[in-house]
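Reader: Hello! I would enjoy a close look at one part of this model, with its surroundings explained step by step. Could you walk me through it?

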Amino acid sequence: MSIPTDSPTKTLCPYCGVGCGLEVLSASQGKLGDQADNPIWQVRGDRAHPSSQGMVCVKGATIAESLDKDRLLYPMLRDSLDQPFRQVSWDQALDRIVQAIQTVQANFGVDALCMYGSGQFNTEDYYVAQKLFKGCLGTNNFDANSRLCMSSAVSGYIQSLGADGPPCCYEDLDLTDCAFLIGTNTAECHPIIFNRLRRHHKKNADVKMIVVDPRRTQTAEVADLHLAIRPGTDIHLLHGMAHLLLKWGAINPDFMAKCTSGWSDYAELVRHYSPEAVARECGIELADLEQAARYWAKAKRVLSLWSMGVNQSSEGTAKVSTLINLHLMTGQIGKPGAGPFSLTGQPNAMGGREAGGLAHLLPGYRSIKNPQHRAEVEQFWGLAAGQISATPGRVVWDMIRGLETGEVQFLWIAATNPAVSLPDLKRVQAALRRSPFTVYQEAYYPTETCEYAHLLLPAAQWGEATGCTTNSERVVTLCQQFRDRPGEVRPDWMIFAEVGRRLGFESQFWFTEPAEVFAEFSQLTRDRPCDQTGISHDRLRSEGPLQWPCPEGDLSTSNTKRLYTDLQFHTPDRRAQFVAYHPQGMAEPPNPDYPFVFTNGRLYGHWHTQTRTGRIAKIRQMHPNPFLEIHPRDAAKLNLEAGDWVKVRSPRSSAHFPAKITAAIAPGTVFAPMHWGQLWADQAEVNNLTHPQACPQSQQPELKACAVQLERLPKLAASPAIAAASNLTPI
Ligand SMILES: Nc1nc2c(c(=O)[nH]1)N[C@H]1C(S)=C(S)[C@@H](COP(=O)(O)OP(=O)(O)OC[C@H]3O[C@@H](n4cnc5c(=O)[nH]c(N)nc54)[C@H](O)[C@@H]3O)O[C@H]1N2
Ligand SMILES: Nc1nc2c(c(=O)[nH]1)N[C@H]1C(S)=C(S)[C@@H](COP(=O)(O)OP(=O)(O)OC[C@H]3O[C@@H](n4cnc5c(=O)[nH]c(N)nc54)[C@H](O)[C@@H]3O)O[C@H]1N2
Ligand code: SF4
Ligand SMILES: [Mo]
């Protein structure tokens, strides 16, 4: 591999789904001054990147500092979890995997094999893993952490519009008259998108911003209207708004007649949601509900943005489709400045969906359940008819259950840290402990999940491999390798391909370069909604990022900005579908024993389980400790003062946090950030509390809400200690 040294390498920030373009320079290029903390690599925003135009937030700006801290550099093996690891060669490690796969296959069948991957894979990694598991091995047991993240958006889009794929683009942030932000703390979690929207909002007094969030977040601070609904009442709110729009006649009958079906059932349903009852249910003022509906009704262009406050719910799909209903009844889709826009969490959760990286999907937005889709992929992969199983695979929670029952005998985890990020963590940890053989493919050591691995495989991370990433607005960027690989790390796709070859599938895993993997993947997108046959590594390298749909031979890039501008949807009758749901509320509502609603989320500087950001001094200073937000009224009832330790207990387990008393959270609800696993604090894991009950359609767990009780802990001379890096032990 020749690594360019004389000019900056263009790549993408490896954190959130905004997908900001970065340029990376080595310090020896000396263009950005010296920073003691960042001895070798420096990054700056890439002004030429169409999505971010040179902007970055603190996470992107500091990413280089994490590159060499606590890396997992060699394959490490042990026979049981109570033994220490010993270093082994790649040959030994790969042989061990092949042997484990073959033994399990012979004794238990292929469906005892599972892989749990990540929206932090490149598209090439995802694609090769699908080919290995769903194609060559013949089990659909591949799921990804997107199950915890975007799967409700996927099923909602499919249900309402006939296919996955956010129909909007970032330019819509500059063009909208009304931005409706629901269940998203965009200011902290998608800051560059938020800055763009905020600029437009500030400049134009007529542009309205509505934020729906039980907390007064940084996003809500600048809104024209903040609807601090009770957690889990989103569908009530949306029906209440629809009721008013219908009553006022602020609907678009022409659009509905031409482009939609299902209106009458939905109209009938929303008539039952009187504004008065809705306001009461949501815990907001009637006038505020009316104001929200009025802003929507008056705007020529309404853009809604959403993320985890909507998706992470036991009625996540229903929430998504109910939001899309509002767009359909008012014709707010398929035109500039308008549409339902899901903000993708991880950098390449979008590419993962395109490559079929969930247990019910196949590459090219295909479905496991569709016999024609299976046949197309089997043929393309050179496999016998019927080789791809017709049964959707285990979603991640079913993998955990399978470990409990012994049905899962082999678990391969890559680019995710489930010992922190899955719900009902104590149960997950016990299940992982029972796993007969767990492979964990990771860039860092330690992470909390290392404790549960038999075999650790050192992965090349950002900057050490080349591959593609698709961001929230369907823009595909080539993320290029710019540094030598430390130790013996290998790119994820190469590891999967090598295992495939060793299992005897030489012809399927012929590729030696990531460009070849992408070329093969893109053929499977031909004539599909996410057509990328016009995209190649070469073209991305010479022309820069490209947005799909991008069919081969079509060199124009002008008509891809928005989907559905022709108002033809991907449903069989080409009409978008109204879907009518009554709200079900939270799976675990508060009750006399557990009277508070516990919710959780993210902070601006930290990324998930801190594997990188916990190792960056500036970010640790920004957010040194976990905390529990509690309303002054509730704090008074518990006799709490700021900084007092609170034990939070749910029906499953407990966690404890210092109290942060603030009116930004509604009475009856408490909030803690999700970032502190066992390595970074003592018992501050939010997922000790959460439950795994999930949306029946998307199988996405309701991570955002569970019932808890609170107890003030006695004052201690020293705090129970934010263990910080003190738990970090070198390998
Ligand atoms: N700084 C930072 N940015 C990130 C990430 C990170 O770790 N750190 N992670 C990335 C990823 S993978 C993701 S998925 C996104 C997540 O991005 P967001 O979804 O914006 O982040 P969260 O903080 O998880 O949750 C958003 C909000 O949902 C609210 N909420 C809780 N319950 C409800 C409810 O019932 N209804 C409504 N309407 N709102 C509710 C919470 O109060 C919270 O403010 O962020 C991405 N960006
Ligand atoms: N309670 C609660 N739980 C949640 C959420 C919530 O809001 N509340 N959010 C959920 C959501 S939306 C998400 S996305 C998940 C995120 O949860 P996780 O996926 O568990 O979180 P990360 O810390 O991002 O873990 C990614 C891991 O991949 C490693 N890695 C980075 N790059 C590479 C690479 O190129 N190859 C390999 N092999 N490894 C690499 C990193 O070092 C890191 O350990 O958490 C979910 N859990
Ligand atoms: S907004 Fe997201 S993609 Fe952009 S620099 Fe920040 S973390 Fe990276
Ligand atoms: Mo996510």
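What follows starts at a ligand shell and then moves on to strands, loops and charged pairs.

Reader: Which residues are around ligand 3, and which helices supply at least two residues of its shell?

Author: Happy to take you there; please keep in mind that this is a predicted model. Around ligand 3 you find Cys 13, Tyr 15, Cys 16, Val 18, Gly 19, Cys 20, Val 56, Cys 57, Lys 59, Gly 60, Pro 191 and Ile 192. By character, the shell divides into nine nonpolar residues, two polar ones and one charged one. Two helices, H1 (58-62) and H7 (191-203), each give the shell at least two residues.

Let us stay with H7 for a moment. Its 13 residues should span 18 Å at 1.5 Å a residue, and the C-alpha atoms at its ends are 18 Å apart, which agrees. The buried residues of H7 are Pro 191, Ile 192, Ile 193, Phe 194, Arg 196, Leu 197, His 200 and His 201. Pro 191 and Ile 192 are thus on the list of buried residues and also belong to the surroundings of ligand 3. As background for reading such a list, an α-helix has 3.6 residues a turn, so residues three or four places apart point the same way.

From the helix we can turn to the strands. In strand S17 (438-442), five of five residues are buried. Thr 438, Tyr 440 and Glu 442 point one way from S17, while Val 439 and Gln 441 point the other way. S17 has parallel neighbours: strand S16 (residues 410-414) is joined to S17 by four bridges, and four bridges likewise join S17 to S18. Within these pairings, Leu 411 stands opposite Thr 438, and Gln 441 has Leu 457 in S18 as its bridge partner.

The loop between S17 and strand S18 (455-458) holds Pro 446. The peptide bond joining Tyr 445 and Pro 446 is cis, with omega about -5°. A cis bond also joins Trp 548 and Pro 549, with omega about 0°; Pro 549 sits in the loop between S21 and strand S22 (576-577). For context, most peptide bonds are trans, and most residues other than glycine have a negative phi.

That brings us to two backbone angles. Arg 574 also lies in the loop between S21 and S22, and its phi is near 65°, a positive value in a residue other than glycine. Arg 574 is partly exposed, with 37% relative accessible area. Asn 639 is not a glycine either, yet has a positive phi of about 65°. Asn 639 is found in the loop between helix H25 (632-637) and strand S25 (645-649), and at 55% relative accessibility it counts as exposed.

S21 itself belongs to an open sheet of three strands, ordered S19-S20-S21 with antiparallel pairing. Strand S19 (467-470) and strand S21 (546-547) are at the edges with a single partner strand each, so one side of each has no neighbour in the sheet. Four bridges link S19 to strand S20 (residues 475-479), and Gly 467 stands opposite Cys 479 in S20.

Finally, the charged pairs. The count of salt bridges comes to 33. One of them pairs Glu 23 with Lys 10, whose closest N and O atoms are 3.1 Å apart. Glu 23 is in strand S2 (residues 21-26) and Lys 10 in strand S1 (residues 9-12), so the pair ties together parts 13 residues apart in sequence. Glu 23 counts as buried at 12% relative accessibility, whereas Lys 10, at 35%, counts as partly exposed.

Another salt bridge returns us to the loop between S21 and S22: Arg 562 pairs with Asp 172, with closest N and O atoms 2.7 Å apart. Because Arg 562 lies in that loop and Asp 172 in helix H5 (residues 172-175), the pair ties together parts 390 residues apart in sequence. Both Arg 562 and Asp 172 are buried. Lys 319 and Asp 234 meet in a salt bridge too, at 2.9 Å from N to O. Here Lys 319 is in helix H15 (residues 316-329) and Asp 234 in helix H9 (residues 234-248), so parts 85 residues apart in sequence are tied together. Lys 319 is buried at 5% relative accessibility, and Asp 234 is buried with a relative accessible area of 5%. Salt bridges with shared partners also join Asp 91, Asp 95, Glu 498, Arg 501 and Arg 502 into one network.

Key. Residues numbered from 1 in each chain as written. Chains lettered and ligands numbered in written order. Predicted model: local features only at pLDDT ≥ 70, side-chain atom pairs only at ≥ 80, totals over all residues. Heavy atoms only, no water. Near = heavy atom within 4 Å. Nonpolar A, V, L, I, M, F, W, Y, C, P; charged D, E, K, R; others polar. Pairing = 2+ DSSP bridges. Buried < 20%, exposed > 50% of the residue type's maximum accessible area, 1.4 Å probe, protein only. Expected span 1.5 Å × (residues − 1). Salt bridge = Lys/Arg side-chain N within 4 Å of Asp/Glu carboxyl O.
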